[in-house]
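Let's take a walk through this model together, starting from one strand and working outwards. Keep the viewer open as you read.

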Amino acid sequence: MRLVVFLACCCAFGQTWQTQESGTTASLRGLSVVDDSVVWASGSKGTVLRTVDQGATWTSIGPAGAADVDFRDIQAFSATEAIAMSAGEGRLSRLYKTTDGGATWTLLKSNGPQGFWDAFGMWDSTHGILLGDPVDGRFIILATSDGRTWNALEGPKAEKGEAAFAASGTALITRGTREAWFATGGMGGGRILHTEDGGRTWTATKVTRPTGEASGIYSLSFCDSRTVAVGGDYTKPTEAANTAWVSKDR
């Protein structure tokens with residue numbers, strides 16, 4: 001069965017929405033809007049989709065041999081260039097890049113046997129940062145300065161039971177040329193961690209609720225100059241613990 005699983009804004013100012021046929025039954029998680037015409041999406045079963053005509057048609061252009069991965073995050077820079085990240089245990093976490101509109105893909109990086117990648121963000125087409133769940137007590141942080149080679153930095157220390165959520169790539173956001181934030185959850189409540197130097201050093205802000213293994217902050221974004229966070233307990237979607245936070249500054 002072919003389901004309509006993607007929504008695209010069809011008029012100015014985002015006032016109305018139009019359903020569009022994606023041509024896939026995959027669960028779509030990642031989204032990257034290049035401009036009014038070009039949009040990339042990604043999801044389960046190695047799926048990557050692209051439209052170049054405002055969503056009138058979608059083409060499946062995922063990497064060959066990647067049907068076992070779940071592309072939770074994608075960052076596109078044009079109609080031809082994009083990086084897709086899969087999230088999964090161990091080596092199911094991978095980074096792929098295309099420069100020819102998905103005709104061919106290069107495997108940039110594969111995770112080791114431990115860990116789980118959650119999200120990545122790009123400051124531009126060559127500089128970016130990636131977040132993974134803690135291994136040996138520290139969050140996995142990878143960084144690139146050429147868009148292809150990703151090197152490990154010493155990540156910030158994790159609290160007991162703390163981890164991030166692979167929530168469509170929005171547990172991590174970037175701004176400017178070196179700033180980034182990522183959000184966490186766990187039994188002790190969540191934190192928002194911030195770097196101003198491309199991931200080499202981090203400061204943390206504690207969020208005391210909600211708590212629990214399935215609880216924390218799922219997604220970050222910007223509102224004017226302030227950071228907005230949303231989270232809760234995904235096993236209890238109707239409870240009041242599902243919350244939004246807005247920073248007083250940045």
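## An enclosed strand

In this predicted model, strand E17 is largely enclosed by the rest of the structure, because six of its six residues are buried. The burial holds on both faces of E17: Gly-190, Ile-192 and His-194 are buried on one side, and Arg-191, Leu-193 and Thr-195 are buried on the other. That split follows a familiar pattern, since in a regular strand the side chains alternate between the two faces of the sheet.

E17 has E16 as an antiparallel partner, with four bridges joining the two. It also pairs with E18, again in the antiparallel sense, over five bridges. Leu-193 is a handy residue to click on here: its bridge partner in E16 is Phe-182, and it stands opposite Ala-204 in E18. The hairpin of E16 and E17 has six residues between the strands, and in it Gly-186 takes a positive phi near 145°.

## Aromatic pairs

A search of the whole structure turns up six aromatic pairs. What geometry do the rings of Phe-165 and Tyr-218 adopt? Their planes meet at 80° with the centres 4.8 Å apart, so this pair is edge-to-face. The two residues come from distant parts of the chain, 53 residues apart: Phe-165 lies in the loop between strand E14 (150–153) and strand E15 (172–175), while Tyr-218 belongs to strand E19 (residues 215–223). Phe-165 is buried, at a relative accessible area of 15%, and Tyr-218 is buried as well, at 17%.

Phe-182, already met as the partner of Leu-193, takes part in another pair. Its ring and that of Trp-202 have centres 5.0 Å apart and planes at 70°, so they too are edge-to-face. Phe-182 sits in strand E16 (residues 179–183), and Trp-202 in the loop between strand E17 (190–195) and strand E18 (203–207), 20 residues apart. Phe-182 has 0% relative accessibility and counts as buried; Trp-202 is buried at 16%. Ring pairs also bring in Phe-139, which forms a cluster with Phe-182 and Trp-202.

Here are the two ring pairs described above, in a form you can check against your own geometry script.

| Ring pair | Centre distance | Plane angle |
|---|---|---|
| Phe-165 and Tyr-218 | 4.8 Å | 80° |
| Phe-182 and Trp-202 | 5.0 Å | 70° |

## An open sheet

Now for another part of the chain. Four strands form an open sheet in the order E3-E4-E5-E6, with antiparallel pairing. Strand E3 (28–33) and strand E6 (59–60) are the edge strands, each pairing on one side only. Strand E5 (residues 47–51) pairs with E6 in the antiparallel sense over two bridges, and Arg-50 stands opposite Thr-59 in E6. The charged end of Arg-50 sits over the ring of Trp-40, 5.8 Å from the ring centre.

## Loop residues to look at

Is Lys-45 buried or exposed? It counts as exposed, because its relative accessibility is 60%. Lys-45 lies in the loop between strand E4 (39–43) and E5, and has a positive phi of about 60° although it is not a glycine. Ser-168 likewise has a positive phi of about 60° without being a glycine. Its place is the loop between E14 and E15, where it is partly exposed, with a relative accessible area of 27%.

Gly-55, in the loop between E5 and E6, counts as buried at 3% relative accessibility. Its C-alpha atom is separated by 9.7 Å from that of Gln-18, although the two residues are 37 apart along the chain.

## The whole protein and its confidence

Stepping back, the protein has 21 strands and zero helices. Of its 250 residues, 50% count as buried. The exposed area is about 12100 Å², with carbon and sulfur atoms supplying 50% of it. Among contacts between residues at least 6 apart in sequence, 40% join residues at least 24 apart.

The mean pLDDT is 88, and 86% of the residues reach 70 or more. Where should you be careful? Over residues 1–13 pLDDT stays under 50, and for them the model has 36 contacts beyond four places in sequence. Where pLDDT is low, the predicted coordinates should not be read in detail.

Note on methods. Residues are numbered from 1 along each chain as its sequence is written. Side-chain values use heavy atoms; hydrogens and water are left out. pLDDT is the predictor's confidence in each residue, from 0 to 100. Contact means heavy atoms within 4.5 Å. Two strands pair if DSSP finds at least two bridges between them. Rings of Phe, Tyr and Trp (its six-membered ring) pair if their centres lie within 6.5 Å; planes under 30 degrees apart count as stacked, over 60 as edge-to-face and the rest as tilted. Buried means under 20% relative accessible area, exposed over 50%, partly exposed in between (1.4 Å probe, protein chains only). A charge sits over a ring if NZ of Lys or CZ of Arg is within 6 Å of the ring centre and within 35 degrees of the ring normal. Accessible areas come from the Shrake-Rupley method with a 1.4 Å probe; for residues, only the protein chains shown count as cover.
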